[in-house]
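User: Hi! I've just opened a new model and would like to walk through it with you. Could you pull it up?

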Amino acid sequence: MKLILAVINNDDGPTVSSRLTKEGFQVTKLASTGGFLMSGNSTFISVINDDEVDKAIETIKKYSKRRTQTAPMDFSYSPTTMGSYPIEVTVGGATIFVLNVERCERA
């Protein structure tokens with residue numbers, strides 16, 4: 001068995017959750033916050049059989065889209081630059097961790 005932890009953008013959370021459930025995966029969704037932009041993420045947790053890992057990852061990737069976003073960057077700490085101005089950053093997609101599970105019980 002494997003434990004999948006998938007961190008995705010909140011914008012993709014409902015679609016990813018729906019698709020994983022439709023494909024027969026039992027998932028738990030946790031609200032989480034990213035460190036760089038301090039924006040909302042959804043972290044999905046699922047214990048699955050070894051032979052289903054690729055299917056789950058394909059589904060997560062398919063419905064987790066990368067997009068660009070404008071974010072303010074504060075440069076007031078720099079001696080040569082003052083204030084802040086917007087920069088374009090890439091957000092979204094998925095960060096997926098696959099871990100071995102020694103034992104799983106559902107009570």
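User: Let's jump straight in: leaving aside neighbours within four places in sequence, which residues is Thr70 in contact with?

Analyst: Happy to help, and keep in mind that this is a predicted model. Beyond its neighbours within four places in sequence, Thr70 is in contact with Pro86, Ile87 and Glu88.

User: And which strand is Thr70 found in?

Analyst: Thr70 is found in strand E4, which covers residues 66–74.

User: Buried or exposed, that Thr70?

Analyst: Thr70 is exposed, because its relative accessible area is 53%, and the cut-off for exposed is over 50%.

User: How far apart are the C-alpha atoms of Thr70 and Val89?

Analyst: They are separated by 6.2 Å, while along the chain Thr70 and Val89 are 19 residues apart.

User: OK, let me zoom out. How many helices and strands are there in the protein?

Analyst: The protein has two helices and six strands. Going along the sequence, they follow the pattern β-α-β-β-α-β-β-β.

User: What share of the residues is buried?

Analyst: Of the 107 residues in the protein, 27% are buried. As for contacts with a separation of 6 or more, 66% of them come from residues 24 or more positions apart.

User: Now the sheet with four strands. In what order do they come?

Analyst: The order is E2-E3-E1-E6, in an open sheet with antiparallel pairing. E2 and strand E6 (94–100) are the edge strands, each pairing on one side only. On average, neighbouring strands of this sheet are turned by 20 degrees against each other, ignoring direction.

User: How many bridges join E1 to E3?

Analyst: Eight bridges, with E1 and E3 running antiparallel. One place to look is Ile8, whose bridge partner in E3 is Ser42.

User: And over how many bridges do E2 and E3 pair?

Analyst: Strand E2, residues 28–33, pairs with E3 over six bridges, again in the antiparallel sense. Thr28 stands opposite Ile45 in E3, and Ser32 has Asn41 as its bridge partner in E3.

User: Tell me about Asn41, then. Buried or exposed?

Analyst: Asn41 is buried, because its relative accessible area is 15% and buried means under 20%. Asn41 lies in strand E3.

User: What is Asn41 in contact with, leaving aside neighbours within four places in sequence?

Analyst: There are two runs of residues to click through. Asn41 is in contact with Val7, Ile8, Asn9 and Asn10, and also with Leu30, Ala31, Ser32, Thr33 and Gly34.

User: Switching to the core. Which residues make up the largest nonpolar core?

Analyst: The largest nonpolar core has 12 residues: Ile4, Ala6, Ile8, Val16, Leu20, Phe25, Phe44, Ile48, Val53, Ala56, Ile57 and Ile60. At least two of these core residues come from each of strand E1 (2–9), helix H1 (13–22), strand E3 (40–48) and helix H2 (53–63). H2 supplies the largest share, four residues. As a general point, nonpolar side chains tend to be buried together in soluble globular proteins.

User: Where does H1 lie?

Analyst: H1 lies across E1 and E3, and runs at about 15 degrees to E3.

User: Pick out Val16 for me. Is it buried or exposed?

Analyst: Val16 is buried, with a relative accessible area of 1%. Val16 sits in helix H1.

User: And what does Val16 touch, not counting residues up to four places away in sequence?

Analyst: Val16 touches Ile8, Phe44, Ile60, Tyr63 and Ser64. Take Ile60: Val16 and Ile60 are 44 residues apart in sequence, with 6.1 Å from C-alpha to C-alpha.

User: Last topic, empty space. How many cavities of 30 Å³ or more does the count come to?

Analyst: The count comes to one cavity of 30 Å³ or more. The largest cavity has a volume of about 50 Å³.

User: What is the largest cavity lined by?

Analyst: The lining is made of Ile4, Leu20, Phe25, Val27, Phe44, Ile45, Ser46, Ala56 and Ile60. E3 and H2 are the elements that give two or more residues to this lining, and E3 gives the most, with three residues.

Terms used
Residues numbered from 1 in each chain as written. Predicted model: local features only at pLDDT ≥ 70, side-chain atom pairs only at ≥ 80, totals over all residues. Heavy atoms only, no water. Core = buried A, V, L, I, M, F, W, Y, C linked by side-chain atoms within 4.5 Å. Buried < 20%, exposed > 50% of the residue type's maximum accessible area, 1.4 Å probe, protein only. Contact = heavy atoms within 4.5 Å. Pairing = 2+ DSSP bridges. Axes fitted to C-alpha atoms, helices over the stretch in contact; angles between N-to-C directions. 1 Å grid on protein atoms, 1.4 Å probe; cavity = no way out; pocket = protein on both sides within 12 Å on 5 of 7 lines; lining within 4 Å. Points joined across faces, edges and corners; volume = space filled by probe spheres on them.
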